[in-house]
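Reader: I am new to this structure and should like to understand how its helices pack and where its open spaces lie. May I put some questions to you?

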Amino acid sequence: MSTPEPSPRVLVVTGAASGLGREIAVQALAQDWTVALLDRDARSVTAAADELGVLAVAADVTSPAELGTAFATVVERLGPLDGLVNSAGLTRPGPSSTLPETDWRTVVDVDLSGTFYACQAAFPHFARDAAIVNLASIAAVRGLPQRTAYSAAKAGVVGLTRSLAAEWAPRRLRVNAVGPSWVDTPLTRRMAEEGAIDLKEMTDRVPLGRLGTPRDVAEAVLFLLDQTRAGYITGQTLYVDGGFTWAG
Ligand SMILES: NC(=O)c1ccc[n+]([C@@H]2O[C@H](COP(=O)([O-])OP(=O)(O)OC[C@H]3O[C@@H](n4cnc5c(N)ncnc54)[C@H](O)[C@@H]3O)[C@@H](O)[C@H]2O)c1
(Lines give C-alpha, C1' and ligand atoms only; values in the text may rest on other atoms or scores of the structure.)
Protein backbone atom coordinates (compact mmCIF):
# COMPACT_ATOMS: atom_id res chain seq x y z
CA MET A 1 0.00 0.00 0.00
CA SER A 2 1.49 3.40 -0.96
CA THR A 3 1.86 6.16 1.66
CA PRO A 4 -0.25 9.24 0.83
CA GLU A 5 1.75 12.33 -0.17
CA PRO A 6 1.88 14.90 2.67
CA SER A 7 -0.11 18.00 1.67
CA PRO A 8 2.08 20.98 0.75
CA ARG A 9 2.71 23.56 3.45
CA VAL A 10 2.09 27.11 2.24
CA LEU A 11 4.43 29.89 3.35
CA VAL A 12 4.37 33.64 2.64
CA VAL A 13 7.64 35.55 3.12
CA THR A 14 7.51 39.35 3.19
CA GLY A 15 10.54 41.39 2.12
CA ALA A 16 11.37 38.40 -0.04
CA ALA A 17 12.89 40.22 -3.00
CA SER A 18 16.23 40.58 -1.20
CA GLY A 19 18.52 39.51 1.61
CA LEU A 20 17.20 37.36 4.42
CA GLY A 21 13.66 37.08 3.05
CA ARG A 22 14.94 35.70 -0.23
CA GLU A 23 17.25 33.19 1.49
CA ILE A 24 14.44 32.07 3.81
CA ALA A 25 12.32 31.42 0.70
CA VAL A 26 15.16 29.45 -0.94
CA GLN A 27 15.70 27.26 2.15
CA ALA A 28 11.94 26.80 2.63
CA LEU A 29 11.65 25.48 -0.91
CA ALA A 30 14.48 23.04 -0.15
CA GLN A 31 12.45 21.85 2.87
CA ASP A 32 9.36 21.26 0.71
CA TRP A 33 7.33 24.34 1.56
CA THR A 34 5.19 25.91 -1.15
CA VAL A 35 6.33 29.53 -1.09
CA ALA A 36 4.91 32.92 -2.11
CA LEU A 37 7.17 35.97 -2.13
CA LEU A 38 5.75 39.34 -1.03
CA ASP A 39 7.60 42.64 -1.42
CA ARG A 40 6.82 46.24 -2.23
CA ASP A 41 9.48 46.19 -4.96
CA ALA A 42 7.29 44.67 -7.69
CA ARG A 43 10.04 44.29 -10.28
CA SER A 44 12.55 42.62 -7.96
CA VAL A 45 10.01 40.32 -6.34
CA THR A 46 8.73 39.17 -9.73
CA ALA A 47 12.31 38.53 -10.90
CA ALA A 48 13.13 36.58 -7.71
CA ALA A 49 9.91 34.56 -7.97
CA ASP A 50 10.51 33.75 -11.64
CA GLU A 51 13.99 32.55 -10.78
CA LEU A 52 12.67 30.29 -8.00
CA GLY A 53 9.54 29.24 -9.89
CA VAL A 54 7.15 30.50 -7.19
CA LEU A 55 4.31 33.00 -6.82
CA ALA A 56 5.07 36.72 -6.37
CA VAL A 57 2.71 39.29 -4.85
CA ALA A 58 3.53 43.00 -4.72
CA ALA A 59 2.38 44.84 -1.59
CA ASP A 60 3.65 47.47 0.81
CA VAL A 61 3.46 46.16 4.38
CA THR A 62 2.48 49.63 5.60
CA SER A 63 -0.79 49.29 3.67
CA PRO A 64 -3.39 46.98 5.24
CA ALA A 65 -5.45 47.27 2.04
CA GLU A 66 -2.60 46.08 -0.20
CA LEU A 67 -1.81 43.26 2.25
CA GLY A 68 -5.47 42.18 2.27
CA THR A 69 -5.46 41.85 -1.51
CA ALA A 70 -2.07 40.10 -1.53
CA PHE A 71 -3.01 37.43 1.05
CA ALA A 72 -6.36 36.82 -0.68
CA THR A 73 -4.46 36.22 -3.95
CA VAL A 74 -2.03 33.78 -2.30
CA VAL A 75 -4.83 31.79 -0.64
CA GLU A 76 -6.84 31.66 -3.85
CA ARG A 77 -3.81 30.35 -5.77
CA LEU A 78 -2.12 28.12 -3.16
CA GLY A 79 -4.65 27.40 -0.38
CA PRO A 80 -4.66 28.24 3.37
CA LEU A 81 -1.45 29.42 5.00
CA ASP A 82 0.77 27.27 7.21
CA GLY A 83 3.43 29.91 7.73
CA LEU A 84 4.22 33.62 7.53
CA VAL A 85 7.68 35.15 7.82
CA ASN A 86 7.83 38.92 8.28
CA SER A 87 11.20 39.95 6.86
CA ALA A 88 10.26 43.30 5.26
CA GLY A 89 12.31 45.93 7.04
CA LEU A 90 14.70 48.81 6.75
CA THR A 91 16.74 51.15 8.88
CA ARG A 92 17.63 54.86 8.90
CA PRO A 93 20.61 55.29 11.22
CA GLY A 94 21.50 58.75 12.44
CA PRO A 95 22.09 60.94 15.49
CA SER A 96 18.95 60.87 17.64
CA SER A 97 19.07 64.59 18.47
CA THR A 98 18.53 65.49 14.81
CA LEU A 99 16.86 62.39 13.38
CA PRO A 100 14.28 63.63 10.84
CA GLU A 101 10.68 62.88 11.76
CA THR A 102 10.22 61.15 8.40
CA ASP A 103 13.06 58.71 9.20
CA TRP A 104 11.54 57.89 12.60
CA ARG A 105 8.11 57.36 11.06
CA THR A 106 9.41 55.30 8.12
CA VAL A 107 11.30 52.85 10.33
CA VAL A 108 8.47 52.45 12.85
CA ASP A 109 5.85 52.22 10.06
CA VAL A 110 7.68 49.50 8.11
CA ASP A 111 9.46 47.47 10.80
CA LEU A 112 6.87 47.56 13.57
CA SER A 113 3.48 48.51 12.13
CA GLY A 114 4.16 46.62 8.89
CA THR A 115 4.88 43.44 10.85
CA PHE A 116 1.63 43.83 12.78
CA TYR A 117 -0.44 44.62 9.68
CA ALA A 118 0.93 41.53 7.91
CA CYS A 119 0.07 39.31 10.92
CA GLN A 120 -3.40 40.84 11.01
CA ALA A 121 -4.01 40.46 7.27
CA ALA A 122 -2.82 36.84 7.28
CA PHE A 123 -4.75 35.81 10.43
CA PRO A 124 -8.07 34.79 8.80
CA HIS A 125 -6.22 32.62 6.28
CA PHE A 126 -4.18 30.37 8.59
CA ALA A 127 -4.70 26.62 8.69
CA ARG A 128 -4.57 24.82 12.07
CA ASP A 129 -1.08 24.45 13.59
CA ALA A 130 0.40 27.27 11.55
CA ALA A 131 3.21 29.60 12.64
CA ILE A 132 4.46 33.15 12.24
CA VAL A 133 8.13 34.14 12.53
CA ASN A 134 8.98 37.85 12.78
CA LEU A 135 12.42 39.34 12.06
CA ALA A 136 13.54 41.21 15.16
CA SER A 137 17.20 42.12 15.80
CA ILE A 138 19.81 42.27 18.53
CA ALA A 139 18.96 46.00 18.45
CA ALA A 140 15.84 45.04 20.44
CA VAL A 141 18.00 44.23 23.48
CA ARG A 142 21.39 45.90 22.93
CA GLY A 143 21.90 49.65 23.21
CA LEU A 144 23.21 50.62 19.78
CA PRO A 145 24.00 54.31 19.21
CA GLN A 146 22.24 56.07 16.31
CA ARG A 147 19.68 53.28 15.99
CA THR A 148 16.88 54.74 18.12
CA ALA A 149 14.02 54.20 15.69
CA TYR A 150 15.25 50.76 14.64
CA SER A 151 15.83 49.63 18.24
CA ALA A 152 12.41 50.89 19.30
CA ALA A 153 10.71 49.22 16.35
CA LYS A 154 12.49 45.89 16.87
CA ALA A 155 11.80 45.92 20.64
CA GLY A 156 8.19 46.48 19.59
CA VAL A 157 8.38 43.43 17.33
CA VAL A 158 9.56 41.32 20.29
CA GLY A 159 6.64 42.67 22.34
CA LEU A 160 4.00 42.10 19.70
CA THR A 161 5.37 38.59 19.15
CA ARG A 162 4.75 37.76 22.83
CA SER A 163 1.31 39.34 22.87
CA LEU A 164 0.10 37.68 19.65
CA ALA A 165 1.52 34.33 20.85
CA ALA A 166 -0.63 34.55 23.98
CA GLU A 167 -3.71 35.74 22.12
CA TRP A 168 -3.57 33.33 19.18
CA ALA A 169 -2.42 30.16 20.95
CA PRO A 170 -6.03 28.96 21.38
CA ARG A 171 -6.32 29.22 17.58
CA ARG A 172 -3.30 26.79 17.41
CA LEU A 173 -1.21 29.53 15.79
CA ARG A 174 2.35 29.96 17.12
CA VAL A 175 4.16 33.32 16.93
CA ASN A 176 7.94 33.60 17.40
CA ALA A 177 10.77 35.88 16.32
CA VAL A 178 14.42 35.60 15.39
CA GLY A 179 16.89 38.31 16.31
CA PRO A 180 19.95 38.32 14.05
CA SER A 181 23.09 40.29 14.76
CA TRP A 182 25.03 41.51 11.73
CA VAL A 183 24.33 39.35 8.72
CA ASP A 184 26.02 39.75 5.38
CA THR A 185 23.08 41.04 3.28
CA PRO A 186 22.47 44.03 0.94
CA LEU A 187 21.12 46.00 3.95
CA THR A 188 24.35 45.48 5.92
CA ARG A 189 26.52 46.25 2.88
CA ARG A 190 24.57 49.51 2.27
CA MET A 191 25.12 50.56 5.90
CA ALA A 192 28.85 49.79 5.65
CA GLU A 193 29.12 51.82 2.42
CA GLU A 194 27.32 54.74 4.08
CA GLY A 195 29.80 54.57 6.98
CA ALA A 196 27.06 53.69 9.50
CA ILE A 197 28.89 50.50 10.51
CA ASP A 198 32.43 49.20 10.35
CA LEU A 199 32.24 45.57 9.27
CA LYS A 200 35.68 44.67 10.64
CA GLU A 201 34.91 46.15 14.05
CA MET A 202 31.52 44.36 14.10
CA THR A 203 33.13 41.04 13.17
CA ASP A 204 35.79 41.42 15.86
CA ARG A 205 33.06 41.88 18.49
CA VAL A 206 31.24 38.65 17.61
CA PRO A 207 32.39 35.85 19.96
CA LEU A 208 32.16 33.26 17.16
CA GLY A 209 34.41 35.53 15.07
CA ARG A 210 32.36 36.02 11.92
CA LEU A 211 29.29 37.78 10.55
CA GLY A 212 26.14 35.72 10.28
CA THR A 213 25.13 34.28 6.94
CA PRO A 214 21.59 34.49 5.54
CA ARG A 215 21.55 30.67 5.80
CA ASP A 216 22.22 30.86 9.59
CA VAL A 217 19.09 32.97 9.97
CA ALA A 218 17.00 30.97 7.51
CA GLU A 219 17.65 27.70 9.35
CA ALA A 220 16.49 29.22 12.66
CA VAL A 221 13.35 30.59 11.00
CA LEU A 222 12.55 27.24 9.41
CA PHE A 223 13.04 25.46 12.72
CA LEU A 224 10.54 27.80 14.41
CA LEU A 225 8.04 27.39 11.56
CA ASP A 226 8.13 23.61 11.74
CA GLN A 227 5.26 22.14 13.76
CA THR A 228 7.09 18.84 14.35
CA ARG A 229 10.33 20.33 15.63
CA ALA A 230 9.05 23.53 17.33
CA GLY A 231 5.37 22.77 18.02
CA TYR A 232 5.67 23.64 21.73
CA ILE A 233 7.57 26.92 21.22
CA THR A 234 5.65 30.18 21.04
CA GLY A 235 6.22 33.80 22.09
CA GLN A 236 10.01 33.39 21.97
CA THR A 237 12.74 35.42 20.29
CA LEU A 238 15.70 33.32 19.21
CA TYR A 239 18.87 35.42 18.86
CA VAL A 240 20.97 34.19 15.94
CA ASP A 241 24.03 36.22 16.74
CA GLY A 242 27.27 34.22 17.17
CA GLY A 243 27.09 35.10 20.87
CA PHE A 244 26.95 38.89 20.34
CA THR A 245 23.81 39.68 22.35
CA TRP A 246 25.12 38.54 25.71
CA ALA A 247 28.89 38.54 25.16
CA GLY A 248 29.74 40.92 22.28
N1 LIG B 1 20.88 42.13 7.56
C2 LIG B 1 21.09 42.14 8.86
O3 LIG B 1 22.22 42.14 9.33
C4 LIG B 1 19.92 42.13 9.81
C5 LIG B 1 20.17 42.02 11.17
C6 LIG B 1 19.10 41.99 12.06
C7 LIG B 1 17.82 42.07 11.57
N8 LIG B 1 17.59 42.19 10.25
C9 LIG B 1 16.19 42.28 9.80
O10 LIG B 1 15.93 41.30 8.83
C11 LIG B 1 14.96 41.79 7.90
C12 LIG B 1 15.49 41.64 6.49
O13 LIG B 1 16.69 42.41 6.36
P14 LIG B 1 17.63 42.24 5.08
O15 LIG B 1 19.00 42.38 5.54
O16 LIG B 1 17.22 41.04 4.30
O17 LIG B 1 17.23 43.60 4.26
P18 LIG B 1 17.16 43.86 2.69
O19 LIG B 1 17.21 45.34 2.52
O20 LIG B 1 18.15 43.02 1.95
O21 LIG B 1 15.71 43.32 2.30
C22 LIG B 1 14.56 43.91 2.83
C23 LIG B 1 13.41 43.71 1.84
O24 LIG B 1 12.25 44.32 2.42
C25 LIG B 1 11.56 45.00 1.40
N26 LIG B 1 10.75 46.07 1.98
C27 LIG B 1 11.21 47.20 2.59
N28 LIG B 1 10.16 47.97 2.95
C29 LIG B 1 9.03 47.30 2.58
C30 LIG B 1 7.65 47.58 2.68
N31 LIG B 1 7.20 48.72 3.20
N32 LIG B 1 6.77 46.66 2.21
C33 LIG B 1 7.21 45.50 1.64
N34 LIG B 1 8.51 45.20 1.50
C35 LIG B 1 9.41 46.09 1.96
C36 LIG B 1 12.64 45.55 0.48
O37 LIG B 1 12.12 45.86 -0.82
C38 LIG B 1 13.65 44.41 0.47
O39 LIG B 1 13.39 43.49 -0.58
C40 LIG B 1 14.67 43.24 8.30
O41 LIG B 1 13.52 43.25 9.11
C42 LIG B 1 15.89 43.61 9.11
O43 LIG B 1 15.63 44.62 10.05
C44 LIG B 1 18.61 42.21 9.34
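Author: Please do, and we may begin with a pair of helices. In this predicted model, α1 and helix α2 (residues 42-52) pack with their axes 12 Å apart, at an angle of about 20 degrees.

Reader: What is the orientation of α1 relative to α2, roughly parallel or oblique?

Author: The angle between the axes of α1 and α2 is about 20 degrees. Angles under 35 degrees count as roughly parallel. The orientation of α1 relative to α2 is therefore roughly parallel.

Reader: Which residues of α2 meet α1, and how many charged residues does the contact have?

Author: From α1, the residues R22, A25, V26 and L29 take part, and they meet A48, E51 and L52 in α2. By class, this contact of α1 with α2 holds 5 nonpolar residues and no polar ones, and the number of charged residues is 2.

Reader: How do α1 and α8 lie to each other, roughly parallel or oblique?

Author: Helix α8 spans residues 214-225, and its axis comes within 9 Å of that of α1, crossing at roughly 60 degrees. Angles under 35 degrees count as roughly parallel and those of 65 to 115 as roughly perpendicular. The crossing of α1 and α8 fits neither range, and the two helices are therefore oblique.

Reader: Which residues of α1 meet α8, and how many residues of the contact are nonpolar?

Author: On the side of α1, the residues are L20, E23, I24, Q27 and A28, while α8 contributes P214, R215, V217, A218, E219, V221 and L222. The contact of α1 with α8 includes 3 charged residues and 1 polar residue, and its nonpolar residues number 8.

Reader: How do α3 and α4 lie to each other, roughly parallel or oblique?

Author: Helix α3 (residues 64-78) and helix α4 (residues 101-122) have axes that come within 9 Å and cross at roughly 40 degrees. Roughly parallel requires an angle under 35 degrees. The relation of α3 to α4 is therefore oblique.

Reader: Which residues make the contact of α3 with α4, and how many of them are nonpolar?

Author: The contact is formed by P64, L67, G68 and F71 of α3 together with Y117, A118, A121 and A122 of α4. No charged residue and 1 polar residue belong to this contact of α3 with α4, and the nonpolar count is 7.

Reader: Turning to the open spaces, which element gives the most to the lining of the largest pocket?

Author: The largest pocket holds about 880 Å³ of space, and 41 residues line it, with S87, G89, L90, L187 and R190 nearest its centre. At least two lining residues come from each of α1 (19-30), β2 (33-39), α5 (148-168) and α6 (186-193). With 5 residues, the element that gives the most is α6.

Reader: How many charged residues are in the lining of the second largest pocket?

Author: The second largest pocket contains about 150 Å³ of space. Its lining consists of L144, P145, R147, W182, A196, I197, D198, E201, M202 and R205. That lining has 6 nonpolar residues, no polar ones, and a charged count of 4.

Reader: What is the volume of the largest cavity?

Author: The structure holds 1 cavity of 30 Å³ or more. The largest cavity is lined by T91, R92, P93, G94, S96, L99, Q146, R147, T148, A149 and Y150, of which 4 are nonpolar, 5 polar and 2 charged. The volume of the largest cavity is about 40 Å³.

Terms used:
Residues numbered from 1 in each chain as written. Predicted model: local features only at pLDDT ≥ 70, side-chain atom pairs only at ≥ 80, totals over all residues. Heavy atoms only, no water. Axes fitted to C-alpha atoms, helices over the stretch in contact; angles between N-to-C directions. Helix = DSSP H or I, 4+ residues; strand = E, 2+ residues; numbered from the N terminus. Parallel < 35°, antiparallel > 145°, perpendicular 65-115°, else oblique. Contact = heavy atoms within 4.5 Å. Nonpolar A, V, L, I, M, F, W, Y, C, P; charged D, E, K, R; others polar. 1 Å grid on protein atoms, 1.4 Å probe; cavity = no way out; pocket = protein on both sides within 12 Å on 5 of 7 lines; lining within 4 Å. Points joined across faces, edges and corners; volume = space filled by probe spheres on them.
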